[in-house]
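Subject: Structure handover and notes

Hello,

Here is the structure I said I would pass on. Please open it beside this message and follow along.

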Amino acid sequence: MTTEAQPSACPKRKIIVANQLPLHAQQDTSSGRWDFSMDQDSILVQLKDGLSSDVEVLYVGCLKADIDPSEQEDIAQRLLEEFKCVPTFLPPDLQAKFYHGFCKQHLWPLFHYMLPLCEDYGNRFDRSLWQAYVSVNMIFANKILEVNPDDAYVWIHDYHLMILPTILRERYHHVKLGFFLHSPFPSSEIYRTLPVRDEILRGLLNSDLIGFHTFDYARHFLSCCSRMLGLDYESKRGYIGLEYYGRTVSIKILPVGVHMGQLASLLNLPETSARVKEIQEQFKGRTLILGVDDMDIFKGISLKLLAVERLLDQHGDLQGQIVMVQIANPARTSGKDIDEAKRETYATAERINQRFGYPGYKPVVLIDKPIHLYEKISFYVVAECCIVNPVRDGMNLVPYKYVVCRQGTQQLDEAMCVAPGTRKESMLVVSEFIGCSPSLSGAIRVNPWNIDAVADAIKSALTSCSTEKHMRHEKHYKYVSSHDVAYWARSFDQDLERACRDHFNKRCWGIGFGLGFRIMALSPSFRKLSDEPVSYGYRRTKRRAIFLDYDGTMTPQLTASATPSPEVIAVLNGLCSDPKNTVFIVSGRGRASLSRWFSSCVLLGIAAEHGYFMRWHRDSEWESPSIPVDFDWKQIAEPVMKVYTETTDGSSIEVKESALVWHHGNADPDFGSCQAKELLDHLESVLANEPVMVTRGQHIVEVKPQGVGKGWVAARVLSTMSTKGEPPDFILCIGDDRSDEDMFESISNSAPSSAEIFACTVGRKPSKATYYLNDTEEVIRLLESLAITSDESSQQAFGQVLFESSA
């Protein structure tokens, strides 16, 4: 399946896709009419500030309301017209299996590092829940296609829709897709336990740009791609990219920010000023410490309270002086783990208050009911220190909001009678396991499981001098105010446009079925090599040069025996028997093996060790490039390689006459790749003054003399033929790996302008060749057809060798 891309005008629409629409829905109890309003607190609404004003933004997602099926069509039309929202109405049972089932029972715990063996994990993997997840993603795809994504960029948000890119890509190959994950991405050792791990990885890889909050999350994703799919990534000019079937999947690392304008508006509300004064009066003479978290097993609320208890226990002078206000937002889901978290939190808070409290003083104030946003803002303003210590969290914007609120506004300062020019102060204690932690260099980072360390961090935050508090605050405010949600959206949008720039410059082929579908993106001129044009050019030409790789081209790469089959020998002898042909096997193998295997091919040219040794036929002498023959550099390189072999389980050294190769294909993917990079640097350093090249290939690091390569062989053969007055007018070159790309490039540069060139790679993949054949069987069939179309005497010779080989 293939599609030809047609260029179009720059898209002026963005389709924002998320599990839930950024809408508030409320039904009038008397009339039954639904009222809707945009949720200005939603990041999906706030990100519009980072997009161009002339861009139309459409939203696709579920409604936070149960709409009767009879009303759904009218509601959908109304939401599209009034709010540019396209609702995906899900049946209640499907919604439950999708969200509360697969998303919350499987993905959410796993992405927060909870293995299936954990007692609180819930049920074992349930295939019906996975099917619900797939069904919902398909419903979302249908809705997106309804609003015509041809001229739009599609930006998908979060783990609820990780296979949506595959479904969209299968239906529309050139869709422009960005995906941002707002949760952590677990290490490969955790993620690999997921039974549908490949489907989800491939789903993400069908995007053009994948965004993560931190490098840690991106690194874990890249490690999973390496270990499970065999994909390597590289960084070019500051951009990280994965080559995936001819497409470059870009990786974006940037934490989301807060909406500065919204926070400023809330800070300037009269209600905020009034509530700030009430809180100051309520806790007058005491130091307020603040925590704001969802009631969730990963937020570490009980651990935070235990640290406060330890602090009060160890520092009696703080008893009666500090108050920990913990705002616990309502849980987003339910279950025994949430119930247990609630019980533990309430029990811990009650125990602390009984131990250290007295009439008029509670060291822990637990607010577990929904409160107005301005009231949360008021607590941010008053708190001397904010503690955010989840055991695992995606981003968590609480520290950012705290910093902005502590900065305040001029209007709020005037209402609170704060003197102009008063230096702003704030102190943050944050878990090292949350996404915002790397960006807050002035925060005190803690391991939330280490109760003593958290207690010490709180003590340090409270007792720091005013100058230090001011310096930390200034550093944080400078970053938070310049990296707001608009900056995040604008940066992601720009990178998405850059990642999609070549969409219409390539030819796309669809491969695979269902969730295994992916796109092969190739040059528009790249096509399958058919017999007719090759045979026609072969018959009407007088001098032909044929270059053939061996492993992976003439014989399958993974065969137990590398010895050529009788059929291969017959085909080569058939081609060589035609006096118009010059035929070469160009291989990375040693000359001893090649000489033995092809001893019956008298007229066959052989280039061994990627061209370092070359002979024109069986009875001719071996030639080498005119380069120094001193191999003293091996005495330097081999001991270095041995060190890396001893320290890298699964690696090995291959000693050739002209080269040394370090293989790490059987080593741990991450460690092997890391060691290969280090070995490359090490060898380049110690061999800097030697006439050699140190190159890195597919699971190898190779040291070989300068100027050696398959490209040199092709250029040498073509040059010699032209010097003899017999320039080739037909050139066929077939190979399957990276080293053969040198041949393809050399031929395009060295061939006579009048020659017909058929450069062909084995396997449909990105290549400098213009043609491809699927496998070695097709290569042999093509060569047989050429041998049969030779002149009469050659046909007879080929018939004889076929008869002898079959006998």
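Below are notes on the sheets, one helix, two loop residues and the salt bridges. Please keep in mind that this is a predicted model.

**The mixed sheet**

One open sheet is built from 9 strands, in the order 6-5-2-7-8-9-12-11-10, and its pairing is mixed. Strand 6 (85–87) and strand 10 (233–236) each have a single partner strand, so they stand at the edges and one side of each has no neighbour in the sheet. From one strand to the next, the twist averages 25°.

To see one pairing in detail, look at strand 2 (residues 13–20) and strand 5 (residues 56–62). These two strands run parallel and are joined by 6 bridges. Lys14 stands opposite Val57 of strand 5. Keep Lys14 in mind, as it comes up again with the salt bridges.

Helix 2 (residues 69–83) lies across strand 5 and strand 6, and runs at about 160° to strand 6.

**The parallel sheet**

A further open sheet has 6 strands in the order 15-14-13-16-17-18, with parallel pairing. Its edge strands are strand 15 (364–367) and strand 18 (444–446), each of which pairs on one side only. If direction is ignored, neighbouring strands here are turned by 20° against each other on average.

Within this sheet, strand 13 (residues 287–294) pairs with strand 16 (residues 385–388) in the parallel sense, over 2 bridges. Ile289 has Cys385 in strand 16 as its bridge partner.

**Helix 11**

Does the length of helix 11 (residues 301–314) fit or conflict with its number of residues? At 1.5 Å a residue, its 14 residues should span 20 Å, and the end C-alpha atoms are 20 Å apart, so the two agree.

The helix is mostly covered, with 10 of its 14 residues buried. Among them are Ile301, Leu303, Leu305, Val308, Leu311 and Leu312, and also the charged-group residues Lys304 and Glu309. What do the buried residues of helix 11 pack against? Their partners are strand 13, strand 14 (322–329), strand 15 and strand 16, together with helix 12 (336–356) and helix 16 (451–463).

As background, an α-helix has 3.6 residues a turn, so residues three or four places apart point the same way.

**Two residues with positive phi**

Most residues other than glycine have a negative phi. Two residues to look at in this respect are Lys84 and Tyr245.

Lys84 has a phi near 55°. Its place is in the loop between helix 2 and strand 6. With a relative accessible area of 36%, Lys84 is partly exposed, because that class runs from 20% to 50%.

Tyr245 also has a phi near 55°. This residue is found in the loop between strand 11 (239–244) and strand 12 (247–253). Its relative accessible area is 29%, so Tyr245 counts as partly exposed too.

**Salt bridges**

How many salt bridges does a search of the whole structure find? The search finds 38. Three pairs and one network are described here.

The side chains of Asp493 and Lys14 meet at 2.8 Å, N to O. Asp493 lies in helix 18 (residues 485–499) and Lys14 in strand 2, so the pair ties together parts that are 479 residues apart in sequence. Both Asp493 and Lys14 are buried.

Lys299 forms a salt bridge with Asp393, and their closest N and O atoms are 2.8 Å apart. Lys299 sits in the loop between strand 13 and helix 11, while Asp393 is in the loop between strand 16 and helix 14 (398–407); the two are 94 residues apart. Are these residues buried or exposed? Lys299 is buried, and Asp393 is buried as well.

Asp578 and Arg544 make a salt bridge with the closest N and O atoms 3.1 Å apart. Asp578 is in the loop between helix 20 (566–576) and strand 23 (581–586), and Arg544 is in strand 22 (residues 544–548), 34 residues away. Asp578 counts as buried because its relative accessibility is 0%, and Arg544 counts as buried because its value is 2%.

Finally, Glu309, Asp313, Arg351 and Arg355 are linked in a network of salt bridges. Glu309 is one of the buried residues of helix 11.

Regards

Conventions: Residues are numbered from 1 along each chain as its sequence is written. This is a predicted model: local features need pLDDT of at least 70, side-chain atom pairs count only at pLDDT 80 or more; totals for chains, interfaces and linings use all residues. Side-chain values use heavy atoms; hydrogens and water are left out. Two strands pair if DSSP finds at least two bridges between them. Helices (H or I, at least four residues) and strands (E, at least two) are DSSP runs, numbered from the N terminus. Axes are lines fitted to C-alpha atoms, for helices over the stretch in contact, and angles run from 0 to 180 degrees between N-to-C directions. Contact means heavy atoms within 4.5 Å. The expected span of a helix is 1.5 Å times one less than its number of residues. Buried means under 20% relative accessible area, exposed over 50%, partly exposed in between (1.4 Å probe, protein chains only). A salt bridge is a side-chain nitrogen of Lys or Arg within 4 Å of a carboxyl oxygen of Asp or Glu.
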